[in-house]
Amino acid sequence: MKLAKKTALITGILGQDGPYLARLLLEKDYKVYGLIRRYSNPNFSNTDFLGVTGDVEFVTGDMTDEKSLMTIFKLITPDEVYNLAAQSFVGVSWEQPKTTTEINSLGVLYLLNAIRQVCPGARFFQASTGDLFGNNSINGIQDEDVPFKPRSPYAVTKLYAYWMAVNFRESYDMFCANGILFNHESPIRGQEFVTRKITTGAARIKLGLADELILGNIDARRDWGFAGDYVEAMWLMLQHQRPDDYVIATGEVHSIREFLQTAFKRLELGNWERYVKFDPKFSRPTEVHTLWGSPEKARKTLGWSPKVRFEALVHMMVDSDMARLKA
Ligand code: NDP
Ligand code: GDP
């Protein structure tokens, strides 16, 4: 007898992580549904990049519209729900705090309500963030024992979602897991994030399409991993016998200066300082100076560890941007 395929719903399917997760689940023979908003011209470039556009079934709804989510849940009754949808850019969250709250906080409440009412046995993954810790750490490192101290409207909205997922787990015995994801990047990372801005900017300079790159605070440090590795952790969390919350990080930290140096060196552009200018408009009212996670719990409990390291990640992104711009 052939077992029925598992069904997964991914919100945020057209972003960075959605296509990587869809590819992983399709390889594991899931039936994959992807939530997209209603657009006149939807942009499938990220799912195209990973070759999954034709294999995902897209369903239209909006994280801010509870009824639309309820209708989708009744239609597909998923076994697993991966909530990747968000207004995910920290910088914009000061300019649009209400929209950010509606999507990142209330949207999660709506999803949890829909699961509880329609398919309470479904497993739920919430994309939480290392930004929850703000500048708090224990000896410089952030693990599950470090108290949260969010420093942006984005992080505050994600704090609500984190605790709501925990609360549904405790109140209703639902399978809800938070991945406390540290920064993760890829060739399809949004272009306003600092890594992709640097790799695209350096490639443009190399090709003579630009002569400078304008950034904010380049002394900040981040624990940058590869999105393709992080979606494996998301899946593993939902396969574990017990729902729990895990830091997902590489355990390595680098400054933006190091990122610049590695990217410009890859293109043999000489000293990056010749090209990089500062504009305070890219600085933030409150900054998180260092995000540096410990993936020990995920390693011990889930057997997860990142495969792509810093230099390989930077090279992958630079090479991809060069190829794209040349084409
Ligand atoms: P992206 O910003 O690339 O993707 C987010 C997706 O959410 C987009 O496809 C967007 O759709 C969708 N979305 C936004 N608003 C709505 C809405 N109202 N209804 C339906 N869909 C909506 O994020 P990433 O893929 O990088 O990140 C995935 C998740 O992980 C996010 O929740 C993010 O906050 C979290 N995270 C990411 C980290 C990272 O370093 N990448 C670190 C920590 C957490 P559209 O295409 O229509 O705009
Ligand atoms: P975040 O960690 O989720 O906020 O990811 P980002 O890639 O947006 O920012 C990482 C760090 O880079 C933050 O400390 C930013 O202040 C810093 N940064 C410096 N210059 C820039 C810039 O031009 N754009 C962005 N997005 N971040 C910048």
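These legends accompany several close-up views of a predicted model.

**View 1. Meet the neighbours of ligand 1.**
Start with the residues gathered around ligand 1, of which there are 24. The nearest are Y39, D62, S88, Y154 and K158. What kinds of residues make up this shell? It divides into 11 nonpolar, 8 polar and 5 charged residues. Two elements that each supply at least two of the shell's residues are β5 (123–129) and α5 (153–172). The largest share, 3 residues, belongs to β5.

**View 2. Polar atoms face ligand 1.**
Look here at three of the side chains beside the ligand. In D62, a side-chain N or O atom is 2.8 Å from a nitrogen atom of ligand 1. For S88, the partner is an oxygen atom of ligand 1, 2.6 Å from an N or O atom in the side chain. K158 also points you to an oxygen atom of ligand 1, which is 2.8 Å from a polar atom of the K158 side chain. How much of ligand 1 does the protein bury? Taken alone, ligand 1 exposes 890 Å², and 89% of that is buried by the protein.

**View 3. Follow the strands across an open sheet.**
Try tracing the sheet strand by strand: its 7 strands come in the order β3-β2-β1-β4-β5-β6-β11, with parallel pairing. Which strands form the edges? They are β3 (57–60) and β11 (246–248), each of which pairs on one side only. From one strand to the next, the twist averages 25°.

**View 4. A strand pair and a helix on the sheet.**
At one end of the order, strand β2 (residues 31–36) runs parallel to β3, and 4 bridges join the two. To find one bridge, pick out L35 and its partner V59 in β3. Helix α4 (residues 97–118) packs on the sheet, where it touches β1 (7–11), β4 (80–83), β5 and β6 (175–181). The direction of α4 makes about 170° with that of β5.

**View 5. Now visit ligand 2.**
Around ligand 2 you will find 17 residues, with K197, G216, R222, R284 and E287 the closest. This shell divides into 8 nonpolar, 3 polar and 6 charged residues. A backbone N or O atom of V194 is 2.9 Å from an oxygen atom of ligand 2. Side chains take part as well: an N or O atom of the K197 side chain is 2.7 Å from an oxygen atom of ligand 2, and for the R222 side chain the distance to a ligand 2 oxygen atom is 2.8 Å. On its own, ligand 2 has 530 Å² of accessible area, and the protein covers 97% of it.

Definitions and conventions. Residues numbered from 1 in each chain as written. Chains lettered and ligands numbered in written order. Predicted model: local features only at pLDDT ≥ 70, side-chain atom pairs only at ≥ 80, totals over all residues. Heavy atoms only, no water. Near = heavy atom within 4 Å. Polar contact = N/O pair within 3.5 Å; in protein donor to acceptor, adjacent residues only side chain to side chain. Areas by Shrake-Rupley, 256 points an atom, 1.4 Å probe, with all protein chains shown as cover. Nonpolar A, V, L, I, M, F, W, Y, C, P; charged D, E, K, R; others polar. Pairing = 2+ DSSP bridges. Axes fitted to C-alpha atoms, helices over the stretch in contact; angles between N-to-C directions. Contact = heavy atoms within 4.5 Å.
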